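The following paragraphs walk through one structure. Keep the sequence and the 3D view at hand while reading.

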Amino acid sequence: MAVAGVQAGEWLGLVVATVAALVLAAVATVAWWRQRKHGSRLHRSLDAATTALDTMRSRDQLTGLLTRAEFETLLDDVALGCDRDGTAAALLYIGLDNFRTINDGYGHRVGDEVLRQAARRLSDAVGEQPVVARIGGDEFALVVPAGPGGAAPVAEQVLATLQRPFTVEDMSLQLPASVGIALYPEHASRPLWVAHATLAMRTVKHGGGGGYTPYHPAMAADQREAAQLLQDLRQAIAGRQLSLLYQPKLDARSMQVTAAEALLRWEHPRRGLVSPAVFIPLAERYGLINALGRWVIDEACRQAAIWRQQGLRMRIAINVSGHQMRQDDLVDHIEAALRRHGIPPGRFTCEITESVAMEDTAQTQRAFERLRRAGLHVSIDDFGTGHSSLALLRRLPAAELKIDRAFVTDLATSAHARSIAQAVVQMARTLGLRVVAEGVETEAQRDLLLAMGCDELQGYLFAKPMNATALALWAQEEPTPERPAFRSSLFALTRPDTDTP
Ligand code: C2E
Ligand code: MG
Ligand code: MG
């Protein structure tokens with residue numbers, strides 16, 4: 001029995017142990033199963049949280065634009081694409097000028113709304129793709145493929161879209177912007193791409209803002225100097241430091257004066273005379289050219305009216321920059337000035353350089369159409385230096401081509417320059433345009449141009465640019481073989497049809 005008792009006890013122990021093991025196993029299985037179920041739920045919710053976090057990280061909370069981190073990743077891809085395909089891309093770095101005054105003056109709610117509206121406008125300006133980022137408080141960036149004309153048209157579009165006032169809580173708030181452009185790979189390696197666009201943007205800001213500029217290697221050093229010159233240029237108009245000189249154009253056969261071209265001069269209080277070759281590009285780059293251009297239009301019309309009263313009824317010509325051509329109100333402004341001073345539109349010439357005239361952008365071509373409709377006289381300046389499309393040239397409402405001075409200078413010494421000048425004259429004939437040769441300095445050049453059939457001549461041989469009073473005196477001198485007959489009475493008599501365009 002004892003054996004049987006032990007055996008029975010062992011059996012009992014075995015049974016209890018087995019049951020306990022089974023219960024433990026069951027509990028463990030349930031626990032494992034529960035944990036597994038919970039784990040996959042956890043996994044799922046972790047996934048969702050990560051995605052949400054990713055979106056949050058890649059999208060700016062206020063504007064819904066890309067964040068800096070996501071934008072940097074995008075730039076990596078864009079740069080790789082450019083390397084692979086041999087293409088170029090433009091990064092535009094945009095800073096709202098004086099944004100702090102909005103935050104300080106109207107509070108952050110209004111400031112936030114302005115940023116949201118600015119973000120929407122920027123996105124609309126470059127289409128649907130997520131290429132616009134908010135980099136910091138009031139700074140944005142976008143990347144676009146760089147076209148043959150660089151990124152200037154995009155920059156202008158950006159400035160135009162931000163120029164419209166922002167309407168917040170019945171308030172109309174105006175906020176100019178500064179845009180810096182860096183092209184990849186031309187202006188920067190990938191690591192310096194954003195930095196160079198930022199530097200360009202800062203250069204615009206230091207110059208007073210409200211404009212755009214592409215990056216330039218000398219920018220860091222130039223920044224101070226250019227900013228100072230730009231500040232001075234802003235004051236030049238109000239400070240009466242600007243003036244116009246006039247250089248006559250002469251009919252090649254009769255040697256009578258047909259027009260006076262207005263050339264802008266800046267008498268800087270400390271630097272002396274600053275060449276337009278220096279300050280016009282600066283004004284173009286930093287959005288000052290419109291103010292300068294308007295002053296030139298008004299002043300040239302005012303002077304033309306005085307000359308008309310004195311009996312000098314030649315055309316007046318001004319130089320129109322590419323930036324001006326892209327302004328919607330250029331022709332309105334010219335027409336208003338002409339009306340104010342009683343100048344017929346056909347007596348007013350707009351000289352537009354060939355490179356600008358050949359821009360096949362909608363804005364430039366629209367400006368040409370408006371010039372045509374207004375009956376203004378259009379001249380293509382510096383012809384021969386750009387890349388003309390004959391098809392486009394035929395469509396332009398131009399009446400005159402000016403052969404670039406470089407070809408005229410080399411006429412006597414270079415057969416190549418002669419054949420270019422000759423080809424320009426022939427082409428102009430075919431298109432029914434008058435040809436003007438500029439920069440004529442010697443009699444040899446004059447004779448060659450006459451033989452080629454040039455219609456008008458302009459250059460130091462006949463007259464240097466001079467002020468309005470000097471031109472009027474010059475006009476009254478006795479004519480010589482080189483000195484044109486320009487006296488008011490003679491001029492008025494021989495050109496009775498001067499007022500017809
Ligand atoms: P442009 O319109 O082609 O003007 C001709 C330039 O050649 C003028 O230089 C003129 O003074 C110079 N020139 C004329 N005849 C001779 C000559 O026989 N020999 C030499 N060596 N030079 C001669 P300037 O006045 O320094 O103007 C340079 C450029 O600046 C102009 O070239 C024009 O593109 C621009 N510019 C001048 N005024 C204005 C303006 O009011 N608005 C704009 N947008 N551009 C202007
Ligand atoms: Mg000119
Ligand atoms: Mg020229």
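In this predicted model, Asp381 has a polar side-chain atom 2.9 Å from an oxygen atom of ligand 1. Two nitrogen contacts can be added. A polar side-chain atom of Arg405 is found 3.0 Å from a nitrogen atom of ligand 1, and a polar backbone atom of Leu264 lies 3.1 Å from a nitrogen atom of the ligand. On its own, ligand 1 would expose 790 Å², and the protein buries 84% of that area.

The shell around ligand 1 holds 20 residues, and the closest of them are Arg265, Asn319, Asp381, Glu441 and Tyr460. By character, the shell divides into eight nonpolar, five polar and seven charged residues. Which element gives the largest share of the shell? Strand 9 does, with four residues. The elements that contribute two or more residues are strand 9 (257-268), helix 8 (276-285) and strand 13 (377-383).

Next come the metal ions. The magnesium ion (ligand 2) is coordinated by Glu261 (OE), Asn319 (OD1), Glu351 (OE) and Asp381 (OD), at distances of 2.1 to 2.2 Å. Along the chain, these donors follow the spacing E-x57-N-x31-E-x29-D. Two of the donors show how this site joins distant parts of the chain: Glu261 belongs to strand 9 and Glu351 to strand 12 (residues 348-353), 90 residues apart. The magnesium ion (ligand 3) is 4.1 Å from the magnesium ion (ligand 2), and Asp381 coordinates both. Asp381 thus appears in the ligand 1 contacts as well as at the two ions.

Are Glu261 and Glu351 buried or exposed? Buried means under 20% relative accessible area. Glu261 has a value of 4% and therefore counts as buried. Glu351, at 1%, is buried because its value also falls under that limit.

The last topic is the aromatic rings. A pair of such rings is described by the distance of the centres and the angle of the planes. The count comes to three aromatic pairs. One of them is formed by Tyr184 and Trp193, which are tilted, with 5.1 Å centre to centre and 40° between the planes. Tyr184 and Trp193 are both buried.

Tyr246 and Trp307 make an edge-to-face pair, with centres 4.8 Å apart and 75° between the planes. This pair links distant parts of the chain, 61 residues apart: Tyr246 sits in strand 8 (residues 242-251) and Trp307 in helix 9 (residues 289-310). Tyr246 is buried, as is Trp307.

Terms used:
Residues numbered from 1 in each chain as written. Chains lettered and ligands numbered in written order. Predicted model: local features only at pLDDT ≥ 70, side-chain atom pairs only at ≥ 80, totals over all residues. Heavy atoms only, no water. Near = heavy atom within 4 Å. Polar contact = N/O pair within 3.5 Å; in protein donor to acceptor, adjacent residues only side chain to side chain. Areas by Shrake-Rupley, 256 points an atom, 1.4 Å probe, with all protein chains shown as cover. Nonpolar A, V, L, I, M, F, W, Y, C, P; charged D, E, K, R; others polar. Donors = N, O, S within 2.8 Å, 3.2 Å for Na, K, Ca; no water. Buried < 20%, exposed > 50% of the residue type's maximum accessible area, 1.4 Å probe, protein only. Phe/Tyr/Trp six-rings, centres within 6.5 Å; stacked < 30°, edge-to-face > 60°.
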